[in-house]
Amino acid sequence: MSSRTDEAALSYEQARDELIETVRRLEAGGTSLEESLALWERGEELARVCRRWLEGARARLDAALAEEEEAADGDAEEE
């Protein structure tokens, strides 16, 4: 399974939790340069997954708020 497929299957919470663990491991040190680079790259991938989830959530909220505003404007016109 490729990294991209893994990313698509992750929920926000899964990606966030793995990112937290990845950062913890990087901050703890004691890893080889190669392992540190791999952790960094994985962290970047996980951050992108989280960002996409959050951007999607923001878009849904904005759409719901716009819908609510349109409905309120329609109700105000009827009065």
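Here is a quick tour of this predicted protein model.

## How sure is the model?

Let's start with confidence. Across the protein, pLDDT averages 90, and 86% of the residues score at least 70. Helix H2 (residues 12–28) comes out highest, with a mean of 98, while helix H1 (residues 3–9) sits at the bottom with 67. Where pLDDT is low, the predicted coordinates shouldn't be read in detail.

## The overall layout

You're looking at 3 helices and 0 strands. Reading from the N terminus, the order of elements is simply α-α-α.

How do the contacts spread along the chain? Take those in the protein with a separation of 6 or more: 74% of them come from residues 24 or more positions apart.

## Surface and interior

The protein has 79 residues, and 15% of them count as buried. Its accessible surface is about 6200 Å², and carbon and sulfur atoms make up 53% of that.

## A look at glutamate 45

Now for one residue to find in the structure. Glutamate 45 belongs to helix H3, which covers residues 33–78. Is glutamate 45 buried or exposed? Its relative accessibility is 18%, so glutamate 45 counts as buried, given that the cut-off for buried is under 20%.

Which side chain does glutamate 45 pair up with in a polar contact? The partner is arginine 42, and the polar contact between the two side chains is 3.1 Å.

How values were computed:
Residues are numbered from 1 along each chain as its sequence is written. This is a predicted model: local features need pLDDT of at least 70, side-chain atom pairs count only at pLDDT 80 or more; totals for chains, interfaces and linings use all residues. Side-chain values use heavy atoms; hydrogens and water are left out. pLDDT is the predictor's confidence in each residue, from 0 to 100. Helices (H or I, at least four residues) and strands (E, at least two) are DSSP runs, numbered from the N terminus. Buried means under 20% relative accessible area, exposed over 50%, partly exposed in between (1.4 Å probe, protein chains only). Contact means heavy atoms within 4.5 Å. Accessible areas come from the Shrake-Rupley method with a 1.4 Å probe; for residues, only the protein chains shown count as cover. A polar contact is a pair of N or O atoms within 3.5 Å; within protein, one must be able to donate a hydrogen and the other to accept it, and residues adjacent in sequence count only if both atoms are side-chain atoms.
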